[in-house]
Amino acid sequence: MCGIMGYVGPQQAGPILIDGLRRLEYRGYDSSGIAVGNGTIRVQKAEGKIKNLEALLAEDPPTGSIGIGHTRWATHGAPTDANAHPHADPSGEFVVVHNGIIENFQDIKDELAALGAEFASETDSELLAHLVAREYDGDLAEAVRKTVALSQGAYAMVVMSTREPDTIIAVRKISPLVIGLGDGETFLASDIPAILHHTRDFLVIEDDELVIVTADGATIETISGEPVDREPIHIDWDAAQSEKGGYEHFMLKEINEQPDVITETLRGRLNADGTVGLEGLEFDDDYIAGLDRVWITACGTAYNAGLIGQEIFRRVLRLPANVEYAHELRDADPIIGPKELLIAISQSGETADTLAAARIAPDHGARMLAITNVVGSTLSRYADDILYTRAGPEISVASTKAYMAMLIAQYLLALRIGAARGTVDEAHARAVALGLHQLPRAVREVLSRESEVLAAAERIVDADDVYFIGRGLDYAIALEGSLKLKELSYLHSEAMPAGELKHGTLALITDGVPVIVLLTQRHVYNKTISAVQEVKARGGEILAVAYDTDTEIEKYSDTVMRIPDMNDLLAPVAAVVPLQLLAYHVARMRGHDIDQPRNLAKSVTVE
Ligand code: M6R
């Protein structure tokens, strides 16, 4: 995700901007740049790591005490020097950095092009500089306001201009933005850690607010121009904590980011009527209608996400689908034909096993669709079609928010395929769209119930073995819950379909053995309850994940982690959250290294 920096004060802006961008590196980026003002505005930018930008600055240092900077995570256009931010209008007098997506960028671009505009980049962000310049009539804040009114989407934008050389204007529409208040100097950044070593006093900008920043401080207004009175907050975190946004670990931060990740992955792609527009998918409806089968391949958590896709493609779309571990598929000599689509899922896009399996598609004349979080990753370069998950950089080795984004991406893909094949009617698509849009709120609700998870964690922290059971989509979630628990807590855990328990594993269920049961699939509820009774009859302990309205489970369970009632097809999104938190808390209670569990790597680039 992009990072933004800004500075106005008595010092040279260049080194402060670079230092801040370095501290935002953890967000992930593929190019960077700064603009420094000194009567005119000098823009310097470079593809790749910040050291490339630093090399440019070392040769030709900028001078000036006002400036803005940016690290870019490519969305529109490849990671190149030209597409890096800042972007200027053709006169060079109005310069913009931007974090987020302008959804109506094509309409704006067509309109500007019709008036003769020429563009120096492929980005949506450059259009903002053109618009601010066009709308400027002696008041930079007003020009920015008018630009915002013309631009749909969620973003943060920061603008400077030679016309008002002592002022920076910034706007927040969902993407984060904070102002650091110094003594005769003011800082601006995407998050607090970037500038915490300069000041501990911050103004946190809210959605739909505009802020006028000078060396003397900042004035906040609503986007429609109403004054906003906000007290600065004082930050007491230390530097290490602050990088984690105040959370103790990246994993906890990333679990808590999931409502925003859902919003981000849906943004601009899902209409209220259930139709979807997925940039990056090159195939047409005829291709989809002619598909005989979908293969999904991945490893680890991404495989578990693929199981959700498999169930939805089969059960809802009535489309044959097989999910296979990538390391198995690549050597299985699978029978794949040109009328089959291979979907490779990978957070990093660099997992060697998944890359190897993905290469099977072209060998068999099939298309390969990548679902990945990393723009420009190797998997995305191999792919015929790409669906980016937009989870932002995931630092914790244990995957949480990236998994969440993989689920959302697959729901979107299912809506697209279902519409083209006529297997999802309009009413169903509309209901799913509504449900998807309500998910961020539902996940926030689950996150607010952490005390239920802590009670469950206390029960299993000293266990030797933990079992997870569920049916259908619940089984897929059971697998992910089990993987998270073993990965972080080093407890032995196993997940199985609830119906399988009686075929062998029941032998291991004795007094006090914890069994975590998922109960979100109403059509198989009673059957899952039968497995619960088998466990209870042997003295096992039941820890349940169940809907708020499920009173039946209280008869059998020792503790329940509740999720709000929702469409069963979407329930995995909410049901996985208590299990992520459970793994986190058990690992914390056992004193483990949560963000770097033993023997694991974030990106497994060996086969
Ligand atoms: O980057 P990828 O999604 O391809 O990674 C696949 C697995 O290595 C990964 O999901 C792993 O299982 C995680 N550590 C799980 O938390």
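This briefing walks through the domains, sheets, ring contacts, ligand surroundings and backbone details of the structure above. Please keep in mind that the model is predicted. The domain assignment splits the chain into domain 1 (3-236), domain 2 (242-447) and domain 3 (450-589). Between the C-alpha centres of domain 1 and domain 2 the distance is 32 Å.

**The seven-stranded sheet**

- Seven strands form an open sheet in the order E5-E6-E7-E8-E12-E13-E14, and their pairing is antiparallel.
- Strand E5 (87-88) and strand E14 (227-228) are the edge strands; each has a single partner strand, so one side of each has no neighbour in the sheet.
- At the E14 edge, strand E13 (residues 217-222) pairs with E14 in the antiparallel sense, over two bridges.
- If you would like a spot to look at in this pairing, Ile220 stands opposite Val228 in E14.
- Just ahead of the other edge, Pro86 lies in the loop between strand E4 (66-72) and E5.
- The peptide bond that joins His85 and Pro86 is cis, with omega about 0°.

**A covered parallel strand**

- Strand E24 (residues 541-547) and E25 run in the parallel sense and pair over five bridges.
- Across this pairing, Val545 stands opposite Met561 in E25.
- Strand E25 (residues 559-563) is mostly covered, with five of its five residues buried.
- From E25, Thr559, Met561 and Ile563 point one way, while Val560 and Arg562 point the other way; all are buried.
- This fits a general pattern: in a regular strand the side chains alternate between the two faces of the sheet.

**Aromatic pairs**

- The count of aromatic pairs comes to four.
- In one of them, the ring centres of Phe94 and Tyr136 are 5.2 Å apart and the planes meet at 55°, so this pair is tilted.
- Phe94 belongs to strand E6 (residues 94-102), and Tyr136 to the loop between helix H4 (125-135) and helix H5 (140-150), so the pair ties together parts that are 42 residues apart in sequence.
- Phe94 counts as buried at 2% relative accessibility, and Tyr136 also counts as buried, at 15%.
- Another pair joins Tyr303 and Tyr325: the ring centres lie 3.6 Å apart with the planes at 15°, so this pair is stacked.
- Tyr303 sits in helix H10 (residues 300-315) and Tyr325 in strand E17 (residues 321-325), so parts 22 residues apart in sequence are tied together here.
- Tyr303 is buried, with a relative accessible area of 11%, whereas Tyr325 is partly exposed at 33%.

**Charges over rings**

- Lys109 places its charged end over the ring of Phe119, 5.2 Å from the ring centre.
- Arg598 does likewise with Tyr490, and here the charged end is 3.8 Å from the ring centre.

**Around the ligand**

- The ligand is surrounded by 15 residues, and the closest are Ser346, Gln347, Ser348, Thr351 and Glu487.
- Thr351 brings a polar side-chain atom to 2.4 Å from an oxygen atom of the ligand.
- Lys484 has a polar side-chain atom 3.0 Å from an oxygen atom of the ligand.
- Glu487 faces another kind of atom: one of its polar side-chain atoms lies 2.5 Å from a nitrogen atom of the ligand.

**A long-range neighbour pair**

- Ile288 is found in helix H9 (residues 285-289).
- The relative accessible area of Ile288 is 0%, so this residue is buried.
- Along the chain, Ile288 and Arg421 are 133 residues apart, yet their C-alpha atoms are separated by 6.7 Å.

**Loop residues with positive phi**

- Arg318 has a phi near 55°, which is positive although the residue is not a glycine.
- Arg318 lies in the loop between H10 and E17, and it counts as exposed at 61% relative accessibility.
- Asp333 is not a glycine either, and its phi is positive at about 45°.
- Asp333 lies in the loop between helix H11 (326-329) and strand E18 (340-346), and it is exposed, with a relative accessible area of 65%.

Key. Residues are numbered from 1 along each chain as its sequence is written. This is a predicted model: local features need pLDDT of at least 70, side-chain atom pairs count only at pLDDT 80 or more; totals for chains, interfaces and linings use all residues. Side-chain values use heavy atoms; hydrogens and water are left out. Two strands pair if DSSP finds at least two bridges between them. Helices (H or I, at least four residues) and strands (E, at least two) are DSSP runs, numbered from the N terminus. Rings of Phe, Tyr and Trp (its six-membered ring) pair if their centres lie within 6.5 Å; planes under 30 degrees apart count as stacked, over 60 as edge-to-face and the rest as tilted. Buried means under 20% relative accessible area, exposed over 50%, partly exposed in between (1.4 Å probe, protein chains only). A charge sits over a ring if NZ of Lys or CZ of Arg is within 6 Å of the ring centre and within 35 degrees of the ring normal. Domain bounds come from an automatic or database domain assignment. A residue is near a molecule or strand if one of its heavy atoms lies within 4 Å of it. A polar contact is a pair of N or O atoms within 3.5 Å; within protein, one must be able to donate a hydrogen and the other to accept it, and residues adjacent in sequence count only if both atoms are side-chain atoms.
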